[in-house]
Amino acid sequence: MNKHTNPGFTIDEDDLPIGRILSRREILTLLGTTGTAALLAACAPVGQGGPGGPGGPGGPGGETATDLTALATTNASLANGCVVRPALTEGPVFVDEELDRSDIRLDPSDNQMSEGVQLDLTFNVSKVADGACVPLAGVQVDIWHCNAYGIYSDTTELGMHTVGQKFLRGYQVTDGNGMAHFTTIYPGWYDGRAVHIHFKMRTDDGYDFTSQLFFDDTLTDEVFANAPYNTRGERKLRNADDGIYGQSGGETLLTVNKVDSGFETAFNVALDMS
């Protein structure tokens, strides 16, 4: 058995949502504008913690602080593919490995490649400024996710024992066009969560934006019907039942294309750094 296979742990939930996303009605009320603005109805909440947690609804300091600047992006910005996305929880398994690499499939601790269908993922990062979006260079983009067997590397969290292994982790810095590219695999699943990829964006001046990417359930069913994914049995949670996906409002659901190598996808995100 591959050393990265599932050890038989059970997870109820790995992390809690941060803040909330404004509803369409709230956005239109606050902005006093037309339905076009609702296309950007996913601003990054400043408050931290889930419901009942610090900064969360019902917790200490109960209001969720929300920056409305992101919602003021113009129609021209929309035409340019500038989309503000919601921040979502980092979760318990982020490790700042400082692995500067585009292909994150290899485990440098033992030179093993992660099994699974290849996924090419490109981030297009912009900055919201003065009602427009411009490509943002110099942003460190980290991604991390579980392997085909539902295992994260380099952690003792979630019942896993992979300290020292570094598969499916790495970062890239956005180029002059605001782009960062990764080669990885289609993620597997584990109890308590829908299929997802974590990402974090950081700048030299201390800005930090963290969220998660999700996959269409129908596509996941197709992928998981094949090895090595089908060795795990049927997954237990779909997007609609994942609380963190619910927090995203579907704004971080990837559009994935089939290619000869496997799959490819691009994700546009505009950061409000005001």
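This is a short tour of a predicted model, one selection at a time.

**The whole chain**

Start with everything on screen. The protein chain has 274 residues, and 52% of them count as buried. Colour by secondary structure and you can look for 4 helices and 11 strands. How much of the contact between residues at least 6 apart in sequence joins residues at least 24 apart? The share is 74%. Now switch on a surface: the protein chain exposes about 11900 Å², with carbon and sulfur atoms supplying 49% of that area.

**Stop one: strand β1 and its neighbours**

Select D107, which sits in strand β1. Is D107 buried or exposed? D107 is buried, at 0% relative accessibility. Show the side chain of D107 and find K166: the backbone nitrogen of K166 is 3.1 Å from a polar atom of that side chain.

Next, step back along the sequence to R105 and D103. Their side chains form a salt bridge, 2.7 Å from N to O. R105 counts as buried at 17% relative accessibility, while D103 is partly exposed at 30%.

**Stop two: the loop between α2 and β1**

Go to E98, in the loop that runs between α2 (75-79) and β1 (106-107). Here's a backbone oddity to check. Most residues other than glycine have a negative phi. E98 is not a glycine, yet its phi is positive, about 55 degrees. E98 counts as exposed because its relative accessibility is 61%, and the cut-off for exposed is over 50%.

Stay in this loop and add D96 to the selection, together with R202. What joins the side chains of R202 and D96? They meet in a salt bridge, at 3.0 Å from N to O. R202 belongs to strand β8 (residues 196-202) and D96 to the loop between α2 and β1, so this pair ties together parts that are 106 residues apart in sequence. R202 is buried, with a relative accessible area of 19%, whereas D96 is partly exposed at 38%.

**Stop three: L158**

Now select L158, in the loop between β5 (140-144) and β6 (169-173). L158 has a positive phi too, about 60 degrees, although it is not a glycine. Is L158 buried or exposed? L158 is buried, with a relative accessible area of 14%.

**Stop four: from α3 towards α4**

Move on to P228, in the loop between α3 (217-224) and α4 (243-248). Show the backbone here and look at the bond from A227 to P228. Most peptide bonds are trans. The one from A227 to P228 is cis, with omega near 0 degrees.

Keep this loop in view and select R238 with D221. They form a salt bridge whose closest N and O atoms are 2.9 Å apart. The pair links distant parts of the chain, with R238 in the loop between α3 and α4, D221 in helix α3, and their positions 17 residues apart in sequence. R238 is partly exposed, with a relative accessible area of 35%, and D221 is partly exposed as well, at 36%. Add D217 and R235 to your selection: salt bridges that share partners join D217, D221, R235 and R238 into one network.

**Last look**

Side chains of opposite charge can pair when their charged atoms come close. How many salt bridges are there to find? The count comes to 14, and the pairs you have visited include R202 with D96, R105 with D103 and R238 with D221.

Notes. Residues are numbered from 1 along each chain as its sequence is written. This is a predicted model: local features need pLDDT of at least 70, side-chain atom pairs count only at pLDDT 80 or more; totals for chains, interfaces and linings use all residues. Side-chain values use heavy atoms; hydrogens and water are left out. Helices (H or I, at least four residues) and strands (E, at least two) are DSSP runs, numbered from the N terminus. Buried means under 20% relative accessible area, exposed over 50%, partly exposed in between (1.4 Å probe, protein chains only). Contact means heavy atoms within 4.5 Å. Accessible areas come from the Shrake-Rupley method with a 1.4 Å probe; for residues, only the protein chains shown count as cover. A polar contact is a pair of N or O atoms within 3.5 Å; within protein, one must be able to donate a hydrogen and the other to accept it, and residues adjacent in sequence count only if both atoms are side-chain atoms. A salt bridge is a side-chain nitrogen of Lys or Arg within 4 Å of a carboxyl oxygen of Asp or Glu.
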